[in-house]
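Please open the structure in your viewer and keep the sequence panel beside it, so that each selection can be followed in both places. The tour moves from one selection to the next, with a short account of what is found at each stop.

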Amino acid sequence: MRLLRSTDLALRVLMRLAVAGESSPTTREVADGMDVPYTHLAKVVAELQHMGLLDARRGRGGGLTLTEQGRTASVGAVVRAFEGDGDVVDCEGTTPCPLNSACRLRGALRRAQEAFFASLDPVTLRDIVAEPTAALLLGITRGS
């Protein structure tokens, strides 16, 4: 399974903010530090804010900060929210699969997808930024 770019960015933004300490980087600073387009990251930040995982304040003294909910967020929940609950394969597309009525692959792929999400459910943001990752993240983010 390959994650959507927005899912990857969401996880990286949360990780970046988890080690930000007292600083509140702006969306632009995070986008520049991650070398991603500002407009794309702004959409991800808006979704994370809507989910209650971060606060975004504009103007002087503004910036991005994690909420308490964001600090303890389940990686599985974040991935589910960004990936959606659609099937891994599109059996109903413009040319529906002729095996659709008797296919066992679709169900097997759905179970595999759920197992993937379930394996991420107990993993929290705190878990993925624990040492030695935190030190590496700090080294990467100091220049941004």
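Begin by colouring the chain by pLDDT, since this is a predicted model, and look for the two extremes among its elements: helix H8, residues 133-141, has the lowest mean pLDDT, 66, whereas H3 has the highest, 96. Where pLDDT is low, the predicted coordinates should not be read in detail. Over the chain as a whole the average pLDDT is 86, and 94% of the residues score at least 70.

**The whole chain**

Now show the chain as a cartoon and follow it from the N terminus, where the elements come in the order α-α-α-β-β-α-α-α-α-α, giving eight helices and two strands. Taken along the principal axes, the C-alpha atoms fill a box of roughly 60 × 30 × 25 Å. Of the 144 residues in the chain, 33% are buried. If you consider contacts between residues at least 6 apart in sequence, 68% of them join residues at least 24 apart.

**H1 against H3**

Select residues 5-18, which form helix H1, together with residues 38-50, which form helix H3; their axes come within 10 Å of each other and cross at roughly 70°. With that angle, H1 is roughly perpendicular to H3, and the crossing in which H1 passes H3 is right-handed. Which residues make the contact between these two helices? Display the side chains of Arg5, Ser6, Leu9, Ala10, Val13 and Leu14 on H1, and then those of His40, Leu41, Val44 and Leu48 on H3, to see the residues that meet there. Sorted by class, this contact of H1 with H3 consists of seven nonpolar, two polar and one charged residues.

**H2 against H3**

Keep H3 on the screen and add helix H2, residues 27-34, which packs with H3 at an angle of about 120°, the axes being 9 Å apart. H2 and H3 are therefore oblique to each other, and H2 too passes H3 in a right-handed crossing. In H2, the residues to display are Thr27, Arg28, Val30 and Ala31, and they meet Tyr38, Leu41, Ala42 and Val45 in H3. By class, the contact of H2 with H3 has six nonpolar, one polar and one charged residues. While both contacts are in view, pick out Leu41, which belongs to the H3 side of the contact with H1 and also to the H3 side of the contact with H2.

**Two residues on H3, and the loop before it**

Next select Thr39, which is placed in helix H3; is Thr39 buried or exposed? Its relative accessibility is 55%, so Thr39 counts as exposed. A distance drawn from the C-alpha of Thr39 to that of Thr27, 12 residues away in sequence, comes to 9.4 Å.

Move along to Glu47, which also lies in helix H3 and is partly exposed, with a relative accessible area of 32%. From Glu47, draw a line to Ser74, which is 27 residues away along the chain, and the C-alpha atoms prove to be separated by 16 Å.

Then step back to Asp35, in the loop between H2 and H3, where the backbone deserves a look: phi of Asp35 is near 55°, a positive value in a residue other than glycine. Asp35 counts as exposed, at 70% relative accessibility.

**Around H6**

For the last part of the tour, select Arg106 in helix H6, which covers residues 105-120. Arg106 counts as partly exposed, at 28% relative accessibility. Leaving aside residues up to four places away in sequence, Arg106 touches Asp87, Cys91, Glu92 and Asn100. To see how far this spot is from a residue such as Val19, draw the C-alpha to C-alpha distance between Arg106 and Val19, which is 40 Å for two residues that are 87 apart in sequence.

Finish at Val89, in the loop between helix H5, residues 75-83, and H6. Val89 counts as partly exposed, at 32% relative accessibility. Its C-alpha is 9.4 Å from that of Leu105, with 16 residues separating Val89 and Leu105 by sequence position.

How values were computed:
Residues are numbered from 1 along each chain as its sequence is written. This is a predicted model: local features need pLDDT of at least 70, side-chain atom pairs count only at pLDDT 80 or more; totals for chains, interfaces and linings use all residues. Side-chain values use heavy atoms; hydrogens and water are left out. Axes are lines fitted to C-alpha atoms, for helices over the stretch in contact, and angles run from 0 to 180 degrees between N-to-C directions. Helices (H or I, at least four residues) and strands (E, at least two) are DSSP runs, numbered from the N terminus. Angles under 35 degrees count as roughly parallel, over 145 as roughly antiparallel, 65 to 115 as roughly perpendicular and the rest as oblique. A crossing is left-handed if the near helix is turned anticlockwise from the far one by less than a right angle, and right-handed if clockwise. Contact means heavy atoms within 4.5 Å. Ala, Val, Leu, Ile, Met, Phe, Trp, Tyr, Cys and Pro count as nonpolar, Asp, Glu, Lys and Arg as charged, and the others, Gly among them, as polar. pLDDT is the predictor's confidence in each residue, from 0 to 100. Buried means under 20% relative accessible area, exposed over 50%, partly exposed in between (1.4 Å probe, protein chains only).
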